[in-house]
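Visitor: I am new to this structure and would be grateful for a close look at a single part of it. Please choose one helix and describe its surroundings.

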Amino acid sequence: KKYQQELRFCESVMSELLKPKYQKFSWPFLKPVDPVALNIPTYLKIIKKPMDFGTIEKNLKEGQYQTAKDFYNDAQLVFANCYKFNPENDEVHRMGKQLQEQFNTLWDE
Ligand SMILES: Cc1ccc(Nc2c(-c3ccc(O)cc3)nc3c(C)cccn23)cc1
């Protein structure tokens, strides 16, 4: 029972975050970083566990998360990867901050 409620909450956070109104800052995080397409050959050397919200959504749908905390941890990994790779003053770093703020607001609701 509790588990089902937790998963439903994660799904509601996910569906809100994927809404068009956030796309101005969510778009780099909705699918796996493609080091070839982005011409960032060092990415997989720096980022040991790539994660993105497209993968999180898939994991959620496939029942890959045992707890809401596992879902939360993967979401925070998206942001940690972003801050590790993209310098402070980089546009994508700022977009990550905006998305994380939105995620944390939805999470604490
Ligand atoms: C030369 C260079 C420098 C920075 C970037 N960052 C970046 C990232 C990115 C997202 C999450 C992440 O953990 C790491 C990188 N996604 C993009 C996109 C979609 C377009 C342009 C830049 N992007 C790309 C190329």
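Guide: Contact here means heavy atoms within 4.5 Å. The model is a predicted one, and the part chosen is helix α5, which covers residues 68-85.

One residue of this helix is Asn81. Asn81 has a relative accessible area of 6% and is therefore buried, since buried means under 20% relative accessible area. Setting aside the neighbours within four places in sequence, the residues in contact with Asn81 are Tyr43, Ile47, Lys49, Pro50 and Met51.

Helix α5 also packs with helix α4, residues 53-61. The axes of the two helices are 10 Å apart and form an angle of about 170 degrees. Angles over 145 degrees count as roughly antiparallel, and α4 and α5 are therefore roughly antiparallel to each other. On the side of α5, the contact is made by Phe71, Asp74, Ala75, Val78 and Phe79; α4 contributes Phe53, Ile56, Asn59 and Leu60. By type, the residues of this contact comprise 7 nonpolar, 1 polar and 1 charged.

Helix α5 further takes part in the lining of the largest pocket, to which α5 gives the most, with 4 residues. Helix α6, residues 91-108, likewise supplies at least two residues of that lining. The largest pocket has a volume of about 400 Å³ and is lined by 20 residues. Nearest its centre lie Pro28, Val33, Leu38, Ile40 and Val92. The lining of the largest pocket divides into 15 nonpolar, 2 polar and 3 charged residues.

Key. Residues numbered from 1 in each chain as written. Predicted model: local features only at pLDDT ≥ 70, side-chain atom pairs only at ≥ 80, totals over all residues. Heavy atoms only, no water. Axes fitted to C-alpha atoms, helices over the stretch in contact; angles between N-to-C directions. Parallel < 35°, antiparallel > 145°, perpendicular 65-115°, else oblique. Nonpolar A, V, L, I, M, F, W, Y, C, P; charged D, E, K, R; others polar. 1 Å grid on protein atoms, 1.4 Å probe; cavity = no way out; pocket = protein on both sides within 12 Å on 5 of 7 lines; lining within 4 Å. Points joined across faces, edges and corners; volume = space filled by probe spheres on them. Buried < 20%, exposed > 50% of the residue type's maximum accessible area, 1.4 Å probe, protein only.
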